[in-house]
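Me: Could you walk me through this model and tell me how each label is earned? I would like the cut-offs along with the values.

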Amino acid sequence: MIKIGFIGLGNMGKGMSINLSKKNLEIIGYDINPKSINELKNENIQFADDIKSLTKDTKIIITMLPDGRAVNTVWREIIGLSKPGQYLIDCSTIDVKTSRSVQMLAKEKGLFTLDAPVSGGVIGADQGTLTFMVGGNSNIYKDMKFLFEIMGKNSILCGEEGAGQSAKICNNMLLASTMIAVGESFNLGKNLGLDLNKLFEVISTSTGSCWAVNSYCPIKGIGPVSPADRNYAGGFATALMYKDLGLAINAAAETKTKINCGMQTFEKYKQVTKNGKGNLDFSNIINE
Ligand code: NAD
């Protein structure tokens, strides 16, 4: 049986590791937070005491960590302990530079690496319907595709190392902006006296349709069930979207790309996060 290490068993890593454990795979998990481990204690998952024993015992290691700093620390530790021929896949959303630099370091040690950030949120992680945006060598991608097929419904090889992270930050910058625009549109409709159910029916089947309306409508009681129906609890935290927008504006500065709308969007999410609402789902942005 293939042994897979899974590091970072939080909101996303939890569902992803459970889905892997339901297939013919042996999953060894690790997290610095005992609460994350405790939540998985009734699953078919074993736990390592540290990164050293996890690295020693596994062929493939997946990381799902909060940010580039955590990935840099954890990957450097794994690389120092690993043997040539092991596979390392990072599914966290981090900056392109860090992603490339740790993958280059791993390559020097004879490891096979991919960056494979995801879209689809906690629901997608739980239901195994994520989209993986992958960067790296095509043979390594082919070797690891079976894992993406268990944890998700789509995987796209976007290019070389770091290309998955590049695609992810472009996607999230667009989503963060469209969510604000959706809120403004529904507010205008409300102030014009429109029935918002009718407005949803129109927009979701017209040229204004988009994922933020059709699948995640941010208005309570309108459209499919979304975090708006539970007062914006759970889902994808505003603070994480703010982090991703920071990655996008840094990447734009480095590549001298004009992102006027992206900058305004970044400022808005920054303000809401700094006002103490970073833990609410990002669709709460329409109320701010
Ligand atoms: P989370 O904070 O819930 O989980 C991260 C886990 O990593 C935590 O359990 C934490 O204890 C653990 N961790 C942190 N440092 C560690 C270390 N040094 N060693 C071992 N474990 C460590 O975050 P999440 O919502 O699961 O998101 C994870 C990543 O996925 C982020 O990069 C995020 O941007 C991205 N993402 C999240 C969503 C979402 O909807 N939550 C969607 C797409 C992408």
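Reply: Gladly! Helices (H or I, at least four residues) and strands (E, at least two) are DSSP runs, numbered from the N terminus. P117 sits in the loop between β6 (112-115) and β7 (118-119). A word on the basis: this is a predicted model, where local features need pLDDT of at least 70, side-chain atom pairs count only at pLDDT 80 or more, and totals for chains, interfaces and linings use all residues. Residues are numbered from 1 along each chain as its sequence is written, and side-chain values use heavy atoms, with hydrogens and water left out.

Me: Why is P117 called buried?

Reply: Buried means under 20% relative accessible area, exposed over 50%, and partly exposed in between (1.4 Å probe, protein chains only). P117 has a relative accessibility of 0%, so P117 counts as buried. In space P117 is 8.7 Å from M64, C-alpha to C-alpha, while the two are 53 residues apart in sequence.

Me: What makes F132 and F148 an aromatic pair, and why is the pair called tilted?

Reply: Rings of Phe, Tyr and Trp (its six-membered ring) pair if their centres lie within 6.5 Å; planes under 30 degrees apart count as stacked, over 60 as edge-to-face and the rest as tilted. For F132 and F148 the centres are 4.8 Å apart and the planes make 35 degrees, and the pair is tilted. F132 lies in strand β8 (residues 130-136) and F148 in helix α7 (residues 138-151), so the pair ties together parts that are 16 residues apart in sequence. F132 is buried at 0% relative accessible area, and F148 is buried too, at 2%. The whole structure holds seven aromatic pairs, and W211, Y216, F236 and F282 form one aromatic cluster.

Me: How do you know that G10, I32 and T93 contact the ligand through their backbones?

Reply: A polar contact is a pair of N or O atoms within 3.5 Å; within protein, one must be able to donate a hydrogen and the other to accept it, and residues adjacent in sequence count only if both atoms are side-chain atoms. A backbone N or O atom of G10 is 3.5 Å from a ligand oxygen, and one of T93 is 3.0 Å from a ligand oxygen. For I32, a backbone N or O atom lies 3.4 Å from a ligand nitrogen. The shell elements that give two or more residues are α1 (11-21), α6 (121-127) and α11 (238-255).

Me: What makes the side chain of T273 a partner for Y269?

Reply: The T273 side chain reaches the backbone oxygen of Y269 at 2.8 Å. T273 belongs to helix α12 (residues 260-277), and its relative accessibility of 18% counts as buried.

Me: Which phi values stand out at N231 and Y232, and are these residues buried or exposed?

Reply: Most residues other than glycine have a negative phi. N231 has a positive phi near 50 degrees, and Y232 has a positive phi of about 65 degrees although it is not a glycine. N231 is in the loop between α10 (211-214) and α11, and Y232 is found in the loop between α10 and α11. N231 is exposed, with a relative accessible area of 56%, whereas Y232 counts as buried at 11%.
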